[in-house]
Amino acid sequence: MTWPAIRTILDGAVVTAALAAVSILLSLPLGLLLALLREGRIPGVPALLAAFVSLVRATPFVTLVLFVYFVLPAAGLELEPVPAAIVALTLNTAAFSSEIWRSALVTFPRDQREAAAAFGMSERATFIRIVFPQIWRANLGPLVSEVTILLKCTPAVAVIGVVEITRAAGRIGAETYEPLPPFLVATLIYTALIATLVRGQRVVERRIARRFGLARP
Amino acid sequence: MNGLLVVWDSRDVFLWGAANTLSLVLGCLLLSIPIGILGAVVLTEAPDPLRRLFAEAVDLLRCVPFLLLAYVVYYGLPELGLRLDPWWAGLMSLTVYTTAYLAEIFRAAFRAVAPDNIEAAHAFGLSRSLIYRRIILPQVAITAAPVIGNQVITTIRDSALLMIITVQELTFAANFVSANHFTPFAPFAAAVGLYLLMSCVVEAGVRRMERVRKGRYG
């Protein structure tokens with residue numbers, strides 16, 4: 001492979017990283033919001049969100065991407081490939097991460113909430129001061145693996161024409177009639193990215209365990 | 001209304017797609033569950049250098065996005081002189097990928113079997129292979145059912161990516177119908193409905209195993 005070809009794939013890597021970063025920043029808070037609404041008391045909302053989560057859980061990610069890209073314009077919402085990819089990634093990861101947040105909220109020690117209530121803290125202050133700081137640290141592991149899953153999902157957005165790593169590799173393969181080398185390079189880049197993230201997760205987990213004594217088995 | 005009619009008119013395309021998705025997933029499970037069990041046995045029993053090598057390979061495979069593996073298999077095998085049509089290349093990549101995850105699932109499940117069970121089996125003079133067949137695997141089938149069910153749903157989801165290497169599975173069918181009739185909503189909704197049905201079947205199976213577990217272990 002030539003140097004310009006490798007440059008093209010690396011440009012794709014920047015797009016992949018940007019897509020993943022934006023989707024993570026949107027989807028993790030959205031997942032938390034979904035979890036809070038599902039545990040909330042607004043009638044009808046928990047059932048609706050439960051249906052949404054199981055729908056997304058059962059739908060393959062490519063199907064979701066095609067759905068967002070082709071169906072939303074029919075509903076009057078015209079989306080370019082990149083925003084459509086971000087919407088699909090965000091919906092997918094928000095649904096999956098909401099389950100992580102929800103199980104954390106459900107298993108949160110009751111006595112701490114009661115103690116906060118006894119001190120006259122509002123529900124909002126209890127969440128911001130007591131619950132949230134603990135649950136994000138305790139669930140960093142599952143949340144980071146959700147991020148690696150998101151990164152593994154990103155190649156699927158190549159189908160709607162976003163030029164990220166996979167699409168860039170496909171283009172080079174089509175130009176040179178040798179598809180294998182660019183795809184091997186692409187695989188190497190993904191593996192390096194994801195392996196780094198997994199290693200990073202272990203380091204951060206250890207640090208948090210040392211600092212806050214949140215030893216997880 | 002028009003969209004529903006389109007879906008009904010091209011029902012054979014959808015059924016063909018669903019049949020391909022199902023045959024891929026079932027074929028993959030039939031291959032990857034036994035290989036995954038063998039892999040897990042290697043991961044627990046093999047002497048250290050081999051075990052470490054195996055563990056590294058499994059970890060590495062779990063870092064690769066499935067689509068890229070499918071591309072490498074699809075374009076790489078002809079270089080090795082093996083020409084496969086897309087369905088077989090798809091089955092092969094799906095199997096390799098799922099096996100890595102299942103090996104890890106089975107390894108964790110093996111470790112969760114109570115050690116006194118195994119010690120008792122040793123005391124009765126059972127051979128290693130008999131311990132696996134009679135003591136460990138029946139328990140693992142019940143206790144690991146939810147995790148295995150999750151993996152089966154993931155495999156169904158992953159199989160949709162094979163549309164990109166032109167396997168005519170369910171998402172391929174939906175995309176084909178939607179492109180030919182210019183009605184995107186109904187075909188994709190139909191595909192999502194069929195996927196939902198498949199994952200409901202898997203979840204029902206898991207619930208059944210859960211009942212067996214409750215009946216046996218309380």
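1. A:R110 is exposed in this predicted model, its relative accessibility being 63%. The partner of A:R110 in a salt bridge is A:E114, and the closest N and O atoms of the two are 3.1 Å apart. A:E114 is partly exposed, with a relative accessible area of 45%. Both residues belong to helix α5 (residues 110-118) of chain A, and because they are four residues apart there, about one helical turn separates A:E114 from A:R110.

2. Elsewhere in chain A, a network of salt bridges links A:R38, A:E39, A:E99 and A:R102. Over all chains, the structure holds twelve salt bridges, of which this note takes up some.

3. In chain B, B:D48 and B:R52 form a salt bridge whose closest N and O atoms are 2.8 Å apart. Helix α3 (residues 48-61) of chain B contains both of these residues, which are four residues apart, or about one turn of the helix. B:D48 has a relative accessibility of 34% and therefore counts as partly exposed, the class running from 20% to 50%.

4. Helix α10 of chain B, which covers residues 185-217, has 33 residues. From the first C-alpha of α10(B) to the last, the helix reaches 47 Å, which is close to the 48 Å expected at 1.5 Å a residue.

5. Which residues of α10(B) are buried? They are B:A186, B:P187, B:F188, B:A191, B:V192, B:Y195, B:M198, B:S199, B:V202 and B:V206, where buried stands for a relative accessible area under 20%.

6. The packing partners of these buried residues come from both chains: in chain A they are α2 (45-58) and α3 (61-74), and in chain B they are α1 (2-9), α2 (11-45), α8 (145-159) and α9 (170-181). A colleague inspecting the surroundings of α10(B) would thus need to display elements of chain A together with those of chain B.

7. Helix α10 of chain B also carries a salt bridge, formed by B:E210 with B:R213, in which the closest N and O atoms are 3.7 Å apart; the cut-off applied to such a pair is 4 Å. Because B:E210 and B:R213 are three residues apart in this helix, about one helical turn lies between them. B:E210 is partly exposed, with a relative accessible area of 27%, and B:R213, at 26% relative accessibility, also counts as partly exposed.

Key. Residues are numbered from 1 along each chain as its sequence is written. Chains are lettered from A and ligands numbered from 1 in the order in which they are written. This is a predicted model: local features need pLDDT of at least 70, side-chain atom pairs count only at pLDDT 80 or more; totals for chains, interfaces and linings use all residues. Side-chain values use heavy atoms; hydrogens and water are left out. Helices (H or I, at least four residues) and strands (E, at least two) are DSSP runs, numbered from the N terminus. The expected span of a helix is 1.5 Å times one less than its number of residues. Buried means under 20% relative accessible area, exposed over 50%, partly exposed in between (1.4 Å probe, protein chains only). Contact means heavy atoms within 4.5 Å. A salt bridge is a side-chain nitrogen of Lys or Arg within 4 Å of a carboxyl oxygen of Asp or Glu.
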